[in-house]
Amino acid sequence: AENGYVKLIDINTEKVVARERVNSNYLSDVKFKNDILLCLDWFGNIHQWKILPGHVLRNITKEGSFPVPRLLQPRDIERLMDFGSDLLVTTFKTHITIYRGGSFVLSFPVYSDVFCIDLKDDFLAFGCKGETREETTDRSIFINPVAGIINFKYSPPRILYMRTKDNDPVISLQLFSRFLMLGDVNGEIHIINIEKIKFPEVETFIDLDEENKEVGVRMIKTLRSHGYRDFIWALKSDGYRIFSGDETGKIIVHDFLMFEENNEDKPNDKENLGEKSESIECRVDQIAAKPCE
């Protein structure tokens, strides 16, 4: 919220039933998991709230918790946050900052601005701006990656950086124990098998259009069911379906169980889903009128 308010909304009545704020700082991100509500403002400050009976919001942030290093304090709207049972992660431009139990652990930069994150246990997946491939086949030239996975089991953490075929910026993603899904600004969804992922070095770089047996990563398929150059801002899966939404208001539901394991370079249309794959699409402005068929 631009005025610093945390709002609790009843989804049945669409009414605001509670709202509170610490100050008027812009809130960049809000996360609610396991009865824990955390808010991140544009200076990097984190506040914890508790939802009490009767729709009451109470600030329960402990004094001195979640300190923000001076380098990361400049005002910036585009901050991200995610947390689990042990770790909390925030971003500031290229920097990723780690907290444990409210205490600062470390902060480090990646190669370009971070656009999306997903934390699962000791692993953090992130998508970033990267660097689009030029018309060259010379793989000896370093190109900034557009995604990566960080393993916090190591000290220091180890990172596996990834480049896609066109290396377009990744702006949405979801991480599972077996799969990583990436949505980019070119209307593509990349499905990657990471079941046997390895982290041989502090930093490892791979190209997803090549074989990567040494790190246990395998490209399953690239979906091009969205329009060419449509930004895929939202990407979620329940293990059976993939839900994706783009800048035009289009939402597509893919049958995840029917994907064929290939990565052919086909145009952005439904045919690239494979003969056995199915998808349903509709636009946001159509949902209120009638369900997608």
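# Notebook: cores, strands and salt bridges

I started at Leu160 and asked what it touches beyond its neighbours within four places in sequence: the contacts are Ala147, Gly148, Ile149, Ile197, Lys198, Phe199, Thr204, Ile206, Val215 and Val217. Note to self: this is a predicted model.

**Cores.** Next I looked up the largest nonpolar core, which has 21 residues. The members that touch the most other members are Ile149, Leu160, Met162, Leu180, Ile192, Ile194 and Val217. I then checked which strands feed this core: strand 13 (147–151), strand 14 (158–163), strand 15 (170–175) and strand 16 (179–184) each give at least two residues. Strand 15 has the largest share, with three residues. I also found another core lying apart from this one, with 17 residues, including Ile96, Phe108, Val110 and Leu119.

**Whole chain.** I pulled the overall numbers too. The protein chain has one helix and 23 strands. Of its 293 residues, 46% are buried. I took the contacts between residues at least 6 apart in sequence, and 49% of them join residues at least 24 apart. The accessible surface comes to about 16000 Å², and carbon and sulfur atoms account for 49% of that.

**Strand 19.** How many of the six residues of strand 19 are buried? I get five, so this strand (residues 218–223) is largely enclosed by the rest of the structure. I looked for its pairing and found strand 17 (residues 189–193), antiparallel, over five bridges. Asn193 has Arg218 of strand 19 as its bridge partner.

**Strands 21 and 22.** Here I wanted to see the two faces of strand 22 (residues 250–255). Lys250, Ile252 and His254 make up the covered face, while Ile251, Val253 and Asp255 make up the uncovered one. That fits the textbook rule that side chains in a regular strand alternate between the two faces of the sheet. Strand 22 pairs with strand 21 in the antiparallel sense, over five bridges. Val253, on the uncovered face, is the bridge partner of Phe243. The hairpin of these two strands has three residues between them, and Gly249 there takes a positive phi near 90 degrees.

**Backbone oddities.** I went through these with the usual expectation in mind: most residues other than glycine have a negative phi, and most peptide bonds are trans. Asn34 has a positive phi, near 50 degrees. It sits in the loop between strand 3 and strand 4 (36–41) and is exposed, at 75% relative accessible area. Asp121 also has a positive phi, near 55 degrees. I placed Asp121 in the loop between strand 11 (114–120) and strand 12 (123–128), where it counts as exposed at 69% relative accessibility. Which peptide bond is cis? The one from Ser155 to Pro156, with omega near 0 degrees. Pro156 belongs to the loop between strand 13 and strand 14.

**Salt bridges.** I count eleven in the structure and wrote up three. Asp168 pairs with Arg229, with the closest N and O atoms 3.5 Å apart. Asp168 is in the loop between strand 14 and strand 15, and Arg229 in the loop between strand 19 and strand 20, so the pair ties together parts that are 61 residues apart in sequence. Is Asp168 buried or exposed? Its relative accessibility is 3%, so I logged Asp168 as buried. Arg229 counts as partly exposed, at 39%.

The side chains of Asp118 and Lys120 also form a salt bridge, at 2.8 Å from N to O. Asp118 is buried, with a relative accessible area of 7%, whereas Lys120 is partly exposed at 33%. The third entry is Glu211 with Lys213, at 4.0 Å from N to O; both residues are exposed.

**Surface and one more loop.** I found a nonpolar surface patch of about 330 Å² made by Tyr240, Leu257 and Met258. Tyr240 lies in the loop between strand 20 (232–237) and strand 21 (241–246). I have Tyr240 down as exposed, because its relative accessibility is 53% and the cut-off for exposed is over 50%.

Last stop was Ser24, in the loop between strand 2 (15–20) and strand 3 (27–33). Its relative accessible area is 47%, so Ser24 goes in as partly exposed. Not counting residues up to four places away in sequence, Ser24 touches Glu2, Asn3 and Gly4. I also checked Tyr5: it is 19 residues from Ser24 in sequence and 7.3 Å away in space, C-alpha to C-alpha.

Conventions: Residues numbered from 1 in each chain as written. Predicted model: local features only at pLDDT ≥ 70, side-chain atom pairs only at ≥ 80, totals over all residues. Heavy atoms only, no water. Core = buried A, V, L, I, M, F, W, Y, C linked by side-chain atoms within 4.5 Å. Buried < 20%, exposed > 50% of the residue type's maximum accessible area, 1.4 Å probe, protein only. Helix = DSSP H or I, 4+ residues; strand = E, 2+ residues; numbered from the N terminus. Contact = heavy atoms within 4.5 Å. Pairing = 2+ DSSP bridges. Areas by Shrake-Rupley, 256 points an atom, 1.4 Å probe, with all protein chains shown as cover. Patch = residues over 30% accessible without salt bridge, like charges linked within 9 Å, V, L, I, M, F, W, Y side chains within 5 Å.
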